[in-house]
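Subject: Handover of a structure, with findings

Dear colleague,

Please find the structure for your attention directly below. I should be grateful if you would keep it open while reading the notes after it.

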Amino acid sequence: MIHVERVGPRTVRAAARVLAAAFADDPAVARLVPPGARRRQARLVAVFTGDVRSVGRAGVDVARRGPGGEVVGAAVWRTPAGGEPALRHPLVALRAAWALRPAGLRAARRYDSAVAEHLPAGPCWHLHDIGASPSARGLGVGRALLEHRLAEVDATGQQAFLEATTPASRRLYERHGFVAVGEITDPVGAGAVPMRRPPRRPPLRPPHRRGG
């Protein structure tokens, strides 16, 4: 059974390692840290550690194999209260300088700019990263992470946004109410599809009845 909880001080590094493994073959990440690059795994972990820390614990969920079990998934959200690009955070910029190197940094900034053109107006929850450990694929980790956070999003009556970078991820997001809102034409983001999930009405609460 997959258990989802908010990230804690002891699971930040585990979340980053899971995301690094999940995105090792992702085409968008391959343009930032190419396959075969020296110390690629350590560099990917540094990139995702920066992402996790940049949004704060309120924006990060981790999935475990049951309560207290191994961390097998993670999702990083930019909340409506703090949705600026990760590279604007000093700590993230410092990690990125080492991990991405000049070419990767330029590509990451171009990608952020291309995505920004599709961001919806108004308060928005932006799913920055979501992934499952290769050993846990097929267990519904991504679905559990999405449903956990989207329940909170729906309670606020706000919208959500993300970019699908593979056909499989796009199908998952479509099943959860996301619809494509365009395409990224910049070569650095080729294949990525911006998707928006319109606001959902919070569930109605039953009227309060006085006793007696």
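The notes below go from the overall fold to individual side chains.

Please bear in mind throughout that this is a predicted model.

Overall fold

The protein chain holds 6 helices and 7 strands. Read from the N terminus, these elements follow the order β-α-α-α-β-β-α-β-α-β-α-β-β. Of the 212 residues in the chain, 49% are buried.

The salt-bridge network

Side chains of opposite charge can pair when their charged atoms come close. A search of the whole structure returned 9 salt bridges. Among the residues involved, R6, D61, R149 and E152 are joined in a network, and I describe its links one at a time.

The link between R6 and D61 is a salt bridge whose closest N and O atoms lie 3.3 Å apart. R6 belongs to strand 1 (residues 2-6) and D61 to strand 2 (residues 60-65), so this pair ties together parts of the chain that are 55 residues apart in sequence. The two partners differ in their surroundings: D61 has a relative accessible area of 0% and is therefore buried, whereas R6, at 36%, is partly exposed.

R6 also forms a salt bridge with E152, where the closest N and O atoms are 3.4 Å apart. This pair connects distant parts of the chain, since E152 sits in helix 5 (residues 141-156) and R6 in strand 1, with their positions 146 residues apart in sequence. E152 counts as partly exposed, at 30% relative accessibility.

D61 in turn meets R149 in a salt bridge with an N to O distance of 2.9 Å. Here helix 5, which carries R149, is linked to strand 2, which carries D61, and the two residues are 88 apart in sequence. Are R149 and D61 buried or exposed? Both of them are buried.

Taken link by link, then, R6 pairs with D61 and with E152, while D61 pairs with R149.

Polar contacts of buried residues

Two polar contacts between side chains also deserve a note. H126, in strand 4 (residues 124-132), is buried, with a relative accessible area of 6%. Which side chain does H126 contact? The partner is E163, and the polar contact spans 2.6 Å.

R197, for its part, is located in strand 7 (residues 193-197). Its relative accessibility is 5%, and R197 therefore counts as buried, because the cut-off for a buried residue is under 20%. The side chain of R197 makes a polar contact of 2.7 Å with that of D154.

Residues brought together by the fold

Several pairs are separated in sequence, and their C-alpha distances may help you to find your way around the model. F161 lies in strand 5 (residues 159-164) and is buried, at 0% relative accessibility. F161 and L127 are 34 residues apart in sequence, while their C-alpha atoms are 6.2 Å apart in space.

Helix 6 (residues 167-175) contains R175 and also Y173. With 62% relative accessibility, R175 is exposed, whereas Y173 is buried, at 6%. From R175 to R143 the C-alpha distance is 9.5 Å, for a separation of 32 residues in sequence. For Y173 and R196 the corresponding values are 9.4 Å and 23 residues.

A positive patch on the surface

Which residues gather in a patch of positive charge on the surface? They are R13, R17, R53 and R57. One of them, R13, is placed in helix 1 (residues 12-22). R13 is partly exposed, having a relative accessible area of 44%.

Where to begin

Should you wish to inspect the model in order, I would suggest starting from the network of R6, D61, R149 and E152. The contact between H126 and E163 and the contact between R197 and D154 could come next, followed by the surface patch of R13, R17, R53 and R57.

With kind regards

How values were computed. Residues numbered from 1 in each chain as written. Predicted model: local features only at pLDDT ≥ 70, side-chain atom pairs only at ≥ 80, totals over all residues. Heavy atoms only, no water. Patch = residues over 30% accessible without salt bridge, like charges linked within 9 Å, V, L, I, M, F, W, Y side chains within 5 Å. Areas by Shrake-Rupley, 256 points an atom, 1.4 Å probe, with all protein chains shown as cover. Salt bridge = Lys/Arg side-chain N within 4 Å of Asp/Glu carboxyl O. Lys, Arg positive; Asp, Glu negative; His and termini not counted. Charge placed at Lys NZ, Arg CZ, Asp CG, Glu CD. Helix = DSSP H or I, 4+ residues; strand = E, 2+ residues; numbered from the N terminus. Buried < 20%, exposed > 50% of the residue type's maximum accessible area, 1.4 Å probe, protein only. Polar contact = N/O pair within 3.5 Å; in protein donor to acceptor, adjacent residues only side chain to side chain.
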